[in-house]
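Hi,

Here is the structure I promised to pass on. Have a look first, and my notes follow below.

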Amino acid sequence: MGQFINLIVVLSLALSFCLLPDSASAQLRQNYYAKTCPNVENIVRAAVTKKFSQTFVTVPATIRLFFHDCFVQGCDASVIIASSGGNTAEKDHPDNLSLAGDGFDTVIKAKEAVDAVPSCKNKVSCADILAMATRDVIALSGGPSFAVELGRLDGLSSTAASVNGKLPPPSFNLNQLNSLFAANGLTQTDMIALSAAHTVGFSHCGKFANRIYNFSLQNVVDPTLNQAYATQLQQMCPRNVDPRIAINMDPNTPRIFDNVYYQNLQKGQGLFTSDQVLFIDPRSKPTVNAWAANSQAFNQAFITAITKLGRVGVKTGKNGNIRTNCDAFN
């Protein structure tokens, strides 16, 4: 009888392990391509560095592409797929239309560079190239460098419908942010760390116009906005501005990946409601204050968070493959 109970326990443990959302990430590891394409990280870094030298937009565009990819069906490069035939792909969902073309181009150019090496051809996934490129643009813009886990396969589906409700709008409060990140296995600390990617980002005026023109019946301008900053935003984004006009999300060091993002929040210079709420809400404020004062602590938290982000919904075995072209299924 005891043996039977032990067997039940073992089986139930095995089953619970199979159901863990993180089990696919167990195959991720550093130096995954050591035997198949040992120089892959240098090849990708060279391609990314070349793209970076052509335009700084490479940095925020690539980071944002990685985030938008991982939060919808996992880190599987499904966001890069182009719509075709009767299928509208993820990238054509309204929430993804503002993804800058330079992010897609960075991955496609890096993939071409990898596949130009005969021994590496069709050995490295687009999902892994995006993860490496993200690490590289962060380092190129002054952020921390870190070892990236590899071993993802490319996803086999990409639909606009799958994006619904998966990405945080700029109006989110702390509860909404925490809930969405928790659904991807990320903590509040991870969320606050990943939000700092806005230190190098840019935004179209329409994403925050409500904060400077029609916040509420009582306040035309969001009272949590620094007054001088609000005036500056109104000058850069007049009421009937061209919707394609974009401004820096970090008004002080927009081309450096740094902890100034948190110092800006302390001064009421968070561009989105979802940025400024991190300082306003007493549950997240201590973390903002700690990282505003300590760049090393922020860098460490960011590395932890982006590594965890890279494990979300990883495809393995029959659930993925290695695409020949990143923007089309094989």
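To get you oriented: where does Thr88 lie? Thr88 sits in the loop between helix H3 (58-70) and H4.

Before the rest, some housekeeping. This is a predicted model, so local features need pLDDT of at least 70 and side-chain atom pairs count only at pLDDT 80 or more, while totals for chains, interfaces and linings use all residues. Residues are numbered from 1 along each chain as its sequence is written, and side-chain values use heavy atoms, with hydrogens and water left out. Helices are DSSP runs (H or I, at least four residues), numbered from the N terminus, as are strands (E, at least two).

**Two loop residues**

Back to Thr88: at 44% relative accessibility it counts as partly exposed (buried is under 20% relative accessible area, exposed is over 50%, partly exposed is in between, with a 1.4 Å probe and protein chains only). Leaving aside residues up to four places away in sequence, Thr88 touches Ser83, Ser158, Thr159 and Ala160, where contact means heavy atoms within 4.5 Å. From Thr88 to Gly185 it is 28 Å, C-alpha to C-alpha, with their positions 97 residues apart in sequence.

Ala34 is another loop residue, found between helix H1 (2-19) and H2. Ala34 counts as partly exposed too, at 47% relative accessibility. Its C-alpha atom is separated by 41 Å from that of Pro170, and the two are 136 residues apart along the chain.

**Helix packing**

Two helix pairs caught my eye. H4 and helix H5 (residues 126-140) cross at roughly 115°, and their axes come within 9 Å. Axes here are lines fitted to C-alpha atoms, for helices over the stretch in contact, and angles run from 0 to 180 degrees between N-to-C directions. H4 and H5 are therefore roughly perpendicular to each other (the classes are under 35 degrees for roughly parallel, over 145 for roughly antiparallel, 65 to 115 for roughly perpendicular, and oblique for the rest). The crossing of H4 past H5 is right-handed, that is, the near helix is turned clockwise from the far one by less than a right angle (anticlockwise would be left-handed). On the H4 side, Thr106, Val107, Ala110, Lys111 and Val114 meet Cys126, Ile129, Leu130 and Ala133 of H5. Sorted by class, this contact has seven nonpolar, one polar and one charged residues. For the classes, Ala, Val, Leu, Ile, Met, Phe, Trp, Tyr, Cys and Pro count as nonpolar, Asp, Glu, Lys and Arg as charged, and the others, Gly among them, as polar.

The other pair is helix H6 (residues 174-182) with helix H7 (residues 188-195), packed at an angle of about 100° with their axes 9 Å apart. That makes H6 roughly perpendicular to H7. Leu174, Leu177, Asn178 and Phe181 of H6 meet Gln188, Met191 and Leu194 of H7. The contact of H6 with H7 has five nonpolar, two polar and no charged residues. Asn178 counts as buried, at 19% relative accessibility, and touches Gln188 and Met191 once residues up to four places away in sequence are set aside.

H6 and H7 turn up again around helix H11 (residues 273-280), which is mostly covered, with six of its eight residues buried. Those are Ser274, Asp275, Gln276, Val277, Leu278 and Phe279. Their cover includes H6, H7, helix H8 (209-213), helix H10 (260-266) and helix H12 (285-293).

**Salt bridges**

How many salt bridges does a search of the whole structure find? The search gives 14, each being a side-chain nitrogen of Lys or Arg within 4 Å of a carboxyl oxygen of Asp or Glu.

One of them joins Asp105 and Lys51 at 2.8 Å, N to O. This pair links distant parts of the chain, 54 residues apart: Asp105 is in helix H4 (residues 101-115) and Lys51 in helix H2 (residues 40-54). Asp105 is partly exposed at 22%, whereas Lys51 is buried at 8%.

Arg135 and Asp136 also pair up, their closest N and O atoms being 2.8 Å apart. Arg135 is buried at 3%, and Asp136 counts as buried at 3%. Both belong to a network of salt bridges with Glu41 and Arg45.

Finally, Arg283 bridges to Asp281, with the closest N and O atoms 2.8 Å apart. Here Arg283 is partly exposed at 44% and Asp281 is buried at 14%.

Cheers
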